[in-house]
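I wanted to poke around in this one and jot down what turned up. Here are my notes, in the order I took them.

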Amino acid sequence: MAETLSGPDRSSAEQAALDSYSRIVTSVAAELTPKVASLNVAHRRARGRFVVGTGSAVVFTDDGFLLTNAHVVGHSDAGTASFADGTTTPFHVIGADPLSDLAVVRADGPTPAPARLGEADALRVGQLVVAVGNPLGLAGSVTAGVVSALGRSLPTSAGTATRVVDNVVQTDATLHPGSSGGALATADGSVVGINTAIADVGLGLAIPVNDTSRKIIAALLSTGRVRRAYLGVAGIPAPLPPTLRARTGVATGLRVVEVVPASPAARAGLRTGDLLVTAQGEPVSSAQSLQRLMLEDAIGRPLALTALRGEALVDVIATPVELVADD
């Protein structure tokens, strides 16, 4: 007589943990699947040809605005959104910001109730997250995993302008082409990231939902674009001398490796080789810490910079101008 095959021998505690995990994932899926649309966008190519691209978007207001990636909409100004219940509606692009890879579109027809936006800065490595999107146009696809790293950086560009999106969320929740623009959510269904890239098998990246991205979203909603300040300096982290480190309590500064000619930094007198210590009284330990100051309200306003030149501290005043992101 054939023996009966049995399942894995799990303790009651292990089974309870698996049941709890399943309940979390299924509840998040039920909450968010209706609120994540599949986008079809026509992109113009050379010689007047059009190619239809796909992506995902998250409903985040009760009047039909959806959040997605800038690279999903590209230069298009309209497309079609399809929801998990089979309904479709045209949409038009409100604004896109390639330097943060965020875009806002608005549906021309009814949309489901909005998802809740959470706070990515509260995430912890190892925390359970659920990705909801429409890979390959397959609506309502759900994967789960954990936050595998925080504080990653993602280079972006628009024409000659370049920027680094910081505090990007890294997850092992599986992403596929078409997942871009979809939701990365915590166990309570709050959207803490907009999935943006597949870095490798089992390694996905998401633009964080935090104070910085909320400001970008607000600017896209109000004006359709994001204005940024431009200083014209590039640098790499470098250690401060021990005496200065002891005095300031800061370990690193930003070594200036390039000053763009005729830029605000050049006019202020910054030089290649200077070691930036503070900007507006705040420590400058990386390019990102300086970049965070280059928002719209910095345009045309004096910016106090302190740099170590040789063995002397030098104070200069730069006035950032508006960054022109030609594309």
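Started with Q280, which I found in the loop between β16 (275-279) and β17 (282-283). This is a predicted model, so I'm reading a prediction throughout. Is Q280 buried, exposed or partly exposed? I looked up its relative accessibility, and at 43% Q280 counts as partly exposed, because the partly exposed class runs between the 20% and 50% cut-offs.

Next I checked the backbone. Q280 has a positive phi of about 55°, although it is not a glycine. I made a note of that because most residues other than glycine have a negative phi.

Then I went to A262, another entry for the phi list. What is its phi near? I read a value near 65°, which is positive in a residue other than glycine. A262 sits in the loop between β15 (252-259) and α5 (264-268). With 61% relative accessibility, A262 counts as exposed, because the cut-off for that is over 50%.

Last stop was N195, which lies in strand β11 (residues 191-200). I got a relative accessible area of 1% for N195, so I put it down as buried.

What lies 3.2 Å from a polar atom of the N195 side chain? I traced that to the backbone oxygen of A183. I also pulled the contacts of N195, leaving aside neighbours within four places in sequence. Among them are S179, S180, G181, G182, A183 and L184. The list also includes N69, A131, V132 and L175, along with L205 and A206.

Methods: Residues are numbered from 1 along each chain as its sequence is written. This is a predicted model: local features need pLDDT of at least 70, side-chain atom pairs count only at pLDDT 80 or more; totals for chains, interfaces and linings use all residues. Side-chain values use heavy atoms; hydrogens and water are left out. Helices (H or I, at least four residues) and strands (E, at least two) are DSSP runs, numbered from the N terminus. Buried means under 20% relative accessible area, exposed over 50%, partly exposed in between (1.4 Å probe, protein chains only). A polar contact is a pair of N or O atoms within 3.5 Å; within protein, one must be able to donate a hydrogen and the other to accept it, and residues adjacent in sequence count only if both atoms are side-chain atoms. Contact means heavy atoms within 4.5 Å.
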